[in-house]
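Q: I am new to this structure and would like a close look at one part of it. Please start with an enclosed space inside, and then walk me onward from there in one connected account.

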Amino acid sequence: MHSKLRRHRILFATGVTLAALGWVAPAVAQTADPEASSAQQGTADAPAPVQNDAAAAGPVTIGSTDVQGSDVVVTGSRIRGAAPVGSTVIGIDRKAIEASGAVTTDRLIKEIPQVFDLGTSENSRGQSGGNSNITFGNAINIRGIGPYATLTILDGHRVVNNSRSVDPSIIPSLGLERVEVVADGASAVYGSDAIAGVVNLIPRRSLNGVETIARMGFADNFHESQFGIAGGRTGDWGQVMVAYEHVFRSNLSGDDRSFFTSDQRRFGGRDFRSTQCNPGTLTVGGANYAIPAGGVTPATAGQLVRGTANLCEGFRGQDLFPETKYDSVNGTFTAHITDWLDAFGDGYFSKRSFRRLNGYTGATVTIPTTNAFFVRPPGTTGPETVQIRLDDLPNNETTGFTRSWQGAGGLRASFGGWQVQGQLIYGRSNDTANTPNGINTPALNAALASSNPATAFDPYGLGRTSAAVLTAINDQVFDAPTLNRFTGVEASINGTLFTLPGGGVKLAAGYERQELEVSLGLRRGAPSTVATYRDFDRQVDSGYAEVLVPLFGPDNAVSFLRRLELSAAVRYDKYSDVGDTTNPKFGVNWSPASGLLIRGSYGTSFRAPLFSQIYGNSSNLFVQPYADPLLGGTIVQGVALSGGNLDLRPEEAKTWSAGIDWDPLPNARLSVTYWNVNYTGQVDTYLADLAILSREAQFAGTGVILRGPAAAARIQDLLGQGIAVARGVLPADPALFIDGRTQNLGRSKTSGIDVLASYSLETANTGTFTLNANATYLTRYRSAITPAGTLVDRRNTLFNPLTFKGRASINWNYEGVNTRLLVNHVGGYDNNTLPNGAVQKVDSFTTVDLGVTFDIGDPDATRFFDGGFSVSFDALNLFDQDPPFLDFAPTVNGSGGYDATAANPIGRQIAVTVRKRF
């Protein structure tokens with residue numbers, strides 16, 4: 001891949017950039033602005049844009065007035081001292097991070113209503129993007145319009161990913177200064193992926209001392225813990241900070257939650273119980289015979305009754321989410337080398353390990369008459385099959401990890417109000433999931449045919465299969481490791497071009513180069529199988545420019561024109577494999593009166609297809625259960641194909657927004673934004689979509705869904721090509737095929753309204769009260785499965801973006817005691833997967849969280865035992881609200897009796913947190 005040669009070119013380019021900094025800055029050092037501080041990256045002394053009581057109570061908006069006079073670069077813009085013109089920035093500051101009940105950064109961000117839990121989630125993998133989430137990570141999906149349509153960055157620069165997405169838990173929450181979220185298209189500023197928006201993880205640079213945390217949380221059959229320590233030092237010389245955090249979350253088994261069930265009749269739903277039970281059900285000549293409890297032998301064959309079947313839970317032993325361990329370290333440094341030159345850097349190491357129980361394997365197998373334990377129902381002839389759950393085998397288990405690390409460092413020169421900056425970024429990741437006990441189909445068939453009791457498989461419920469045979473039919477491994485390497489070079493210039501009566505005209509411009517290398521691995525078969533890898537690479541060269549023009553400002557304000565700002569940004573990206581693209585963005589801010597801002601933006605965005613989407617880790621067949629509306633919702637076994645697509649094209653979008661920010665009172669703000677996204681060429685995959693048959697008519701003519709002889713022929717053709725079954729046991733007569741490979745089929749039009757409000761009231765005798773509210777209301781979500789297909793209204797339907805989500809809080813701070821009350825609400829929606837066009841109205845889901853924090857002793861104590869403790873008690877889901885009932889069959893990918901994308905199955909959780917600063 002010529003990676004060594006390319007890396008030499010990158011190092012040479014970086015050296016030239018940094019040398020230019022050293023040459024330019026001395027020549028102008030005498031004119032350097034003594035008040036100028038650093039930009040966002042590497043800032044030791046720049047304050048967070050928002051640090052007030054409202055911000056401490058939860059997410060708030062960051063506007064131009066919040067950063068005026070500072071040198072901070074706010075997410076959504078490259079220009080120092082200015083918020084993005086026309087767009088809203090949602091900020092979560094350090095105090096809000098500490099007040100949250102979330103133990104990891106990804107869960108903290110998912111508390112924002114604009115973030116939907118669709119696709120890349122540990123809770124549910126049944127939506128687009130879910131099948132690629134082999135390590136059960138949590139990525140951010142703003143608006144719910146696409147699992148990879150949100151860009152996650154670290155301190156303004158890109159992060160190595162697992163060739164699919166970035167899990168924000170790579171940064172320990174103890175090492176975060178704040179999180180900024182721009183829920184607006186931003187490819188003109190950041191490039192690929194920023195269609196729905198950007199999440200910027202900003203690490204701590206202001207910590208001066210040591211902080212420790214210990215937290216324990218408990219719920220029914222669930223527990224989690226968090227331990228961490230962070231240390232930092234600041235001074236005239238710069239700053240340094242290192243944070244470490246360990247988090248453990250136990251699994252939650254579906255067996256421990258009554259709402260995760262196949263038999264939903266007691267809730268008013270259907271009965272989805274499976275006939276793949278232990279003991280199972282024989283089928284001869286189209287008639288079923290339930291094997292009695294205790295099994296059946298030739299001597300007791302008379303107990304088999306025609307027309308009977310055993311019914312049981314089809315997903316016994318399956319986890320709702322896996323056991324997970326996190327170990328994360330991050331650090332920052334800034335060194336003031338001279339009064340005009342700084343060195344800066346950041347880095348992290350993260351390992352997230354998981355263990356998931358997938359439940360016991362079910363199968364429908366043919367039993368030859370040669371089977372040593374063969375039993376035939378009296379009076380029958382012909383082939384005999386049995387539907388059985390293989391309880392004699394271990395619970396199907398998947399383990400794995402995501403390990404990644406990255407370092408970034410550079411130099412920044414300040415002169416005459418300008419800054420020139422260059423930095424080098426290098427990171428690597430290793431993503432793997434291993435299933436060590438897959439079914440060995442040839443060995444199972446051989447055991448079914450064996451006439452020797454010592455080597456035969458017993459399907460008749462008496463458990464007579466030998467341990468050696470069980471081991472032989474349960475020894476197939478499946479592992480799909482992904483190795484990634486990322487190298488980036490960034491060079492930028494930022495400053496004031498000239499001054500107008502309304503203020504300085506500012507410019508930010510730069511060049512970026514990305515080198516991406518990925519190895520897609522596959523290990524499938526016997527335990528001795530060695531993983532094989534396919535190597536791919538991509539280079540991206542990018543140039544961007546952004547200008548801010550203040551036509552009216554404090555110095556020339558007139559009636560109805562207290563402030564008028566225009567911005568324009570453009571970015572060109574050239575890819576080595578998928579072409580090039582140019583994306584602009586325009587913004588306007590107009591303030592007709594003090595405390596009132598009217599804003600708007602328009603831009604285009606794009607997303608380059610992922611390596612895993614183009615090439616796929618592997619092509620495999622997966623035997624999966626589908627609810628079939630043609631059979632009244634009966635569960636049928638289908639066969640789905642995974643794999644890539646060499647003809648994938650980039651996704652594209654046009655986005656625009658308009659809104660107001662109003663400060664009606666001191667310490668009060670109301671922000672309202674209307675947003676619109678027109679998304680085309682969406683890459684979809686249906687491997688994990690186990691509700692796909694509810695939309696079968698929309699796939700007509702695509703070949704994605706095949707039935708009957710067409711399905712059987714397609715499956716046989718794939719088997720003949722050497723494509724193997726990776727999960728499950730292939731039915732004797734397969735009648736359903738799903739093409740789950742990635743395709744540029746989708747397009748969508750989405751619009752909605754965001755409302756954020758905050759108010760802080762400081763009283764003379766009763767402390768400070770703060771109210772926060774954040775809600776999103778979807779006005780439209782129309783999508784088509786094919787480019788020429790009719791746009792269908794899918795707003796507020798199952799596994800699609802919902803109409804309303806909101807979160808409100810009240811915070812009372814009085815004499816060292818902070819009390820928090822939060823209400824989380826997800827509106828009701830339609831379950832449109834029922835047979836014959838019927839629709840279930842799913843109830844809304846509202847939970848209440850209560851927390852109290854006691855500050856003990858001197859918060860500024862320098863010795864460990866002098867005080868400075870805080871103790872918090874939190875009750876999440878205080879009233880132990882169960883998720884609303886969902887009339888939907890359980891699946892291997894989440895949901896079933898409840899909606900894993902819209903409700904948390906944990907229930908009431910009690911947590912105690914101790915923090916210490918010294």
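**A cavity and its surroundings**

A: Let's begin with the second largest cavity, which holds about 460 Å³ of space. Please keep in mind throughout that this is a predicted model.

Who stands around this cavity? The lining of the second largest cavity has 30 residues, and those that lie nearest its centre are Arg 158, Asn 161, Asp 193, Leu 516 and Leu 610. To find the lining by element, look at strand E3 (150-154), strand E20 (482-500), strand E21 (503-525) and strand E22 (532-552), the elements that each give two or more residues to it. By character, the lining of the second largest cavity divides into 16 nonpolar residues, eight polar ones and six charged ones.

Strand E3 also helps us find our next stop, Phe 136, since this residue sits in the loop between helix H5 (105-109) and E3. The backbone of Phe 136 has a phi near 55°, which is a positive value in a residue other than glycine. Phe 136 is buried, because its relative accessibility is 5%, and the cut-off for buried is under 20%. A second residue with a positive phi is Asn 796, where the value is near 65°, again in a residue other than glycine. You will find Asn 796 in the loop between strand E35 (792-793) and strand E36 (804-814). Asn 796 counts as buried too, at 15% relative accessibility.

Now for the disulfide. A search of the whole structure turns up one. A disulfide is a covalent bond between the sulfur atoms of two cysteines. Here the partners are Cys 277 and Cys 312, with 2.2 Å from S to S. The torsion about their S-S bond is about -105°, so this disulfide is left-handed. Cys 277 belongs to the loop between strand E9 (252-253) and strand E10 (281-284), while Cys 312 belongs to the loop between strand E11 (287-290) and strand E12 (319-321), so the pair ties together parts that are 35 residues apart in sequence. Are these two cysteines buried or exposed? Cys 277 is buried, at 3% relative accessibility, and Cys 312 is buried as well, at 13%.

The loop between E9 and E10 has another feature to look at, for Pro 279 is found there too. A cis peptide bond joins Asn 278 and Pro 279, with omega at about 0°.

From that loop we can step into a sheet. E10 and E11 take part in an open sheet of four strands, ordered E11-E10-E16-E15, with antiparallel pairing. At the edges stand E11 and strand E15 (362-366), each with a single partner strand, so one side of each has no neighbour in the sheet. From one strand to the next, the twist averages 20°. E15 is joined to strand E16 (residues 384-389) by five bridges, and the two run antiparallel. Within this pairing, Thr 364 has Gln 387 in E16 as its bridge partner.

A second open sheet makes a useful companion view. It has five strands in the order E30-E32-E27-E26-E31, and its pairing is mixed. Its edge strands are strand E30 (705-707) and strand E31 (725-727), each of which pairs on one side only. Neighbouring strands of this sheet are turned by 40° against each other on average, direction ignored. Three bridges join E30 to strand E32 (residues 736-739), and these two run antiparallel. Here Ile 705 stands opposite Ile 738 in E32.

Earlier in the chain, strand E2 (residues 89-92) shows how side chains are arranged along a strand. In a regular strand the side chains alternate between the two faces of the sheet. In E2, Val 89 and Gly 91 point one way, Ile 90 and Ile 92 point the other way, and all are buried. E2 pairs with strand E4 (residues 176-182) in the antiparallel sense, over four bridges, and the bridge partner of Val 89 in E4 is Val 182.

One last stop gives a feel for distance. Tyr 575 lies in strand E23 (residues 563-575) and is buried, with a relative accessible area of 8%. From Tyr 575 to Gly 837 is 45 Å in space, C-alpha to C-alpha, and the two are 262 residues apart in sequence.

Terms used:
Residues numbered from 1 in each chain as written. Predicted model: local features only at pLDDT ≥ 70, side-chain atom pairs only at ≥ 80, totals over all residues. Heavy atoms only, no water. 1 Å grid on protein atoms, 1.4 Å probe; cavity = no way out; pocket = protein on both sides within 12 Å on 5 of 7 lines; lining within 4 Å. Points joined across faces, edges and corners; volume = space filled by probe spheres on them. Nonpolar A, V, L, I, M, F, W, Y, C, P; charged D, E, K, R; others polar. Disulfide = S-S within 2.5 Å. Buried < 20%, exposed > 50% of the residue type's maximum accessible area, 1.4 Å probe, protein only. Pairing = 2+ DSSP bridges. Axes fitted to C-alpha atoms, helices over the stretch in contact; angles between N-to-C directions.
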